[in-house]
There are 2 protein chains.
Amino acid sequence: MKRFIITGHKATTSGEFSLNDMPGSAGRMDVLCRSVNSCFFLSHSLREDVWCYLILLGEPNPPITILIKGNEVKRLNPDERSTGALIKKALTLPCGEKFRESTPGVYIRKGGLKTLLEEIDVTILDENGEDIRDIQNVPDSYLLSDHLNFTDEETELIIDLPKISAGPKVMHADHTITVILNEFDRRKL
Amino acid sequence: MKRFIITGHKATTSGEFSLNDMPGSAGRMDVLCRSVNSCFFLSHSLREDVWCYLILLGEPNPPITILIKGNEVKRLNPDERSTGALIKKALTLPCGEKFRESTPGVYIRKGGLKTLLEEIDVTILDENGEDIRDIQNVPDSYLLSDHLNFTDEETELIIDLPKISAGPKVMHADHTITVILNEFDRRKL
């Protein structure tokens with residue numbers, strides 16, 4: 001299973017956000033929606049071997065983690081708005097520290113990066129990392145940030161983790177995921 | 001200048017469409033909005049060396065071509081909705097067969113693929129083409145289709161044009177653009 005974890009530093013943890021204002025009052029939820037799209041969509045199918053974790057760090061109830069499993073998810077469409085609706089629905093579900101299913105293949109729990117790092121061996125997607133094309137055994141699980149840099153607290157958690165780059169220019173999270181998955185496709189992984 | 005042309009086979013040519021229903025009544029306008037995003041956005045800048053052409057073929061007034069110039073465009077944001085708003089605004093502008101500027105860097109004219117092919121040497125992005133990584137001199141200008149295949153009429157226009165592939169799996173148009181631009185970045189083109 002390939003895993004992509006995206007931190008949404010301002011992304012709201014309230015299910016009351018407006019689908020008409022995801023870049024604004026929902027705290028750049030649009031970035032996370034596009035990352036979900038990049039994780040799963042092929043031209044006529046979904047990537048069933050990908051799981052996508054969204055770490056929501058905005059008010060009122062951070063941290064929250066949403067997990068979307070490519071092998072289970074239903075009703076996922078490529079546009080930002082409908083993905084936002086799935087996230088919104090998940091956020092209305094009361095949850096504890098164990099993942100709880102909201103809609104098919106979409107799960108939610110309390111907790112953030114620290115918990116995930118205890119569960120998964122993660123590689124950081126970072127412009128200063130080694131080029132993925134030069135790596136013989138590409139890792140399965142990647143961490144990316146949204147439009148903001150990792151915080152000092154996050155940096156401390158990840159400082160010793162391996163770093164990989166997707167190319168010479170710093171791209172948006174969703175574009176980076178697309179390039180990484182293209183590299184997997186080429187290696188038939 | 002790099003150019004990407006995306007055909008929107010059902011994309012509305014009316015400026016009256018709802019930004020809340022771009023995948024539905026606007027004829028998969030969401031696909032075109034994501035393609036615009038992929039053409040231009042880097043992490044902290046725009047790709048000023050890209051022009052993006054959207055060919056809108058839906059009712060009531062097809063064909064219409066919208067051109068967005070990376071070296072001129074203003075008020076472009078990465079989310080689908082705000083890009084949709086720029087397209088919507090352009091569609092309300094009466095236009096003829098010459099490009100007319102709607103908002104800074106966004107142009108509109110009557111006409112479609114046939115006219116563009118008389119102006120630009122185009123390569124088709126096609127899963128059966130030669131892998132872009134194997135091509136010594138990568139072309140500048142590419143044609144992609146939205147969620148639908150090229151029509152018979154379009155196929156006749158492009159049948160003799162060169163074909164290039166972005167990888168072994170068939171991807172959405174926006175993801176394909178991202179992979180191609182990553183290849184340009186790596187070659188410092």
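**Two chains, one sheet order: a walk through the predicted model**

Let me begin with a pairing in chain A, where strand β1 (residues 2-8) and strand β2 run parallel to each other and are joined over 7 bridges; two strands are said to pair if DSSP finds at least two bridges between them, and helices (H or I, at least four residues) and strands (E, at least two) are DSSP runs, numbered from the N terminus. What I am showing is a predicted model, in which local features need pLDDT of at least 70 and side-chain atom pairs count only at pLDDT 80 or more, while totals for chains, interfaces and linings use all residues. Residues are numbered from 1 along each chain as its sequence is written, chains are lettered from A and ligands numbered from 1 in the order in which they are written, and side-chain values use heavy atoms, with hydrogens and water left out.

Within that parallel pair, A:G8 stands opposite A:L56 of β2(A). The connection between the two strands involves helix α1 (residues 29-40) of chain A, and β1(A), α1(A) and β2(A) together make a right-handed β-α-β unit, right-handed meaning that, with the strands pointing away from the viewer, the path from the first strand over the helix to the second runs clockwise.

On β2(A) itself, which covers residues 50-56, how many residues are buried? The count is 7 of 7, where buried means under 20% relative accessible area, exposed over 50%, and partly exposed in between, with a 1.4 Å probe and protein chains only. In a regular strand the side chains alternate between the two faces of the sheet. In β2(A), A:V50, A:C52, A:L54 and A:L56 point one way, A:W51, A:Y53 and A:I55 point the other way, and all are buried.

β2(A) is also joined by 6 bridges to strand β3 (residues 64-69) of chain A, and these two run antiparallel. Along this pairing, A:W51 has A:K69 in β3(A) as its bridge partner, and for A:I55 the bridge partner in β3(A) is A:T65.

Now to the sheet of chain A, an open one in which 8 strands follow the order β4-β5-β3-β2-β1-β7-β6-β8, with mixed pairing. Its edge strands are β4 (100-103) and β8 (163-165) of chain A, each of which pairs on one side only. From one strand to the next the twist averages 40°; angles here run from 0 to 180 degrees between N-to-C directions, and axes are lines fitted to C-alpha atoms, for helices over the stretch in contact. α1(A) packs on this sheet and touches β1, β2 and β3 of chain A, its direction making about 170° with that of β2(A), and contact means heavy atoms within 4.5 Å.

Turning to chain B, 8 strands again form an open sheet with mixed pairing, in the order β4-β5-β3-β2-β1-β7-β6-β8. At the edges stand β4 (100-101) and β8 (163-165) of chain B, each with a single partner strand, so one side of each is left without a neighbour in the sheet. β4(B) is joined by 2 bridges to strand β5 (residues 106-110) of chain B, the two running antiparallel, and B:E101 has B:Y107 in β5(B) as its bridge partner.

Next, some loop details, beginning with B:S14, which sits in the loop between β1 (2-8) and α1 (29-40) of chain B. Is B:S14 buried or exposed? With a relative accessibility of 19%, B:S14 counts as buried. Beyond its neighbours within four places in sequence, B:S14 is in contact with B:E59, B:P60 and B:L91. Two of those contacts bring us to a cis peptide bond, the one from B:E59 to B:P60, with omega near 5°, and B:P60 lies in the loop between β2 and β3 of chain B. In chain A, a cis peptide bond joins A:P62 and A:P63, with omega about -10°, and A:P63 is in the loop between β2 and β3 of chain A.

Finally, the two chains meet where helix α5 (residues 173-186) of chain A packs against helix α5 (residues 173-186) of chain B, at an angle of about 80° and with the axes 9 Å apart. α5(A) and α5(B) are therefore roughly perpendicular to each other, a label covering 65 to 115 degrees, whereas under 35 counts as roughly parallel, over 145 as roughly antiparallel and the rest as oblique. Here A:H175, A:T178, A:V179 and A:N182 of α5(A) meet B:H175, B:T178, B:V179 and B:N182 of α5(B).
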